[in-house]
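Biologist: I should like to be guided through a part of this structure. Please define each term when it arises.

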Amino acid sequence: MEPRILSGKVLSGEIEQELRRDAAALTAGGTPPCLAVILLGDNPASHTYVRNKIKAAERVGIASRDRFMPATTSQAELEAEISALNADPAVHGILCQMPLPEGLNAERVTRLIDPAKDVDCFHPFNVGLLAMGIPRFYPCTPAGVLELMSRNGIEVSGQHVVILGRSNITGRPLSLLLSHKGTDATVTVCHSRTRELATLTRQADILVAATGIPQWVTGEMVKEGAVVIDVGINRIDDASRKQGYRLVGDVDYATVAPKTTAITPVPGGVGPMTITMLLRNTIQAARMAGDSSAI
Ligand SMILES: NC(=O)c1ccc[n+]([C@@H]2O[C@H](COP(=O)([O-])OP(=O)(O)OC[C@H]3O[C@@H](n4cnc5c(N)ncnc54)[C@H](OP(=O)(O)O)[C@@H]3O)[C@@H](O)[C@H]2O)c1
């Protein structure tokens, strides 16, 4: 049987409709939601990503405060910018696009962003809440993965989810979310030192790939009937394309898809969901602004 294609492109469009209503209600109530995006330097991938975030914010009625700064920006200048945005009551969400140009301290930046405006959910305070099972914000990529499954009726409770990758952006926070009471997956997190990896992946009811290794997960690593979520976004050379490359995931779609009951495409799977979850967090931050009872 053909697998179900879990389209993040379609679903993010649907969720954007909901967010548009939420943003309009907030604006009508005198709190127009606003997201500040800081981008340093001229990394083309970061520029594309930030442009997509700004366009998506515009579509749902979230105002943007874009701060494009040169790669030569000093740590002090960057921190002054963040402090100003922290202090600005009209700004509800702040994100600083990573990676930063060489020489700048990303950890200091992550810690400086006001946790109440930390819509990426990278601040240690918010990561702590997430680890305790009482998240204020849901980290964007893991939340996108969960939303893709729940809105497609994929049962997670009691399932064995094997995650390839333990990054602070994807693998680790996803493992926390999935193992929360109420979500109730049984989670195995694999990394570069994991032994007998294929033995583990073949036990997965749901396999999530987030390693950044293009087309690495092949059909023989996947159990018949599994659900496969491909977080990877990798550029590989392709002379037949105008730009000279194409995007592929961490999963070898051709050999894996026939074994699955549901699978995400790349592009158009998890990627669009990540941006939509960022917008959802910004709406939430705007709702919580001024609410002293919020965590
Ligand atoms: N769709 C989206 O919105 C989105 C968002 C974020 C990232 N991504 C994509 O997702 C991919 C992963 O990015 P990331 O930032 O989450 O991770 P990352 O920081 O690049 O880390 C990669 C992870 O994969 C593990 N790994 C590497 N080789 C391995 C191997 N042979 N066997 C098992 N594990 C291995 C690493 O293990 P160690 O810890 O042992 O080194 C590490 O935990 C990239 O393609 C990235 O572009 C997509």
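Biologist: Which residues of helix α5 (residues 124-132) are buried?

Modeller: This is a predicted model, in which local features need pLDDT of at least 70, side-chain atom pairs count only at pLDDT 80 or more, and totals for chains, interfaces and linings use all residues. Residues are numbered from 1 along each chain as its sequence is written. A residue is buried if 20 or more other C-beta atoms, placed from the backbone, lie within 10 Å of its own, exposed if 12 or fewer, and partly exposed in between. Helices are DSSP runs (H or I, at least four residues) numbered from the N terminus, and the buried residues of α5 are Asn-126, Val-127 and Leu-130.

Biologist: Why are these residues on the same side of α5?

Modeller: The arc is that of the directions from the helix axis to the C-beta atoms. The buried residues share a side of α5 because they cover an arc of only 100°.

Biologist: Which exposed residues does the face of α5 turned away from its buried side carry?

Modeller: That face is turned away from the side with Asn-126, Val-127 and Leu-130. The exposed residues carried there are Pro-124, Gly-128 and Met-132.

Biologist: At what angle do helix α6 (residues 140-150) and α7 pack?

Modeller: Axes are lines fitted to C-alpha atoms, for helices over the stretch in contact, and angles run from 0 to 180 degrees between N-to-C directions. The axes of α6 and α7 are 8 Å apart. The two helices pack at an angle of about 45°.
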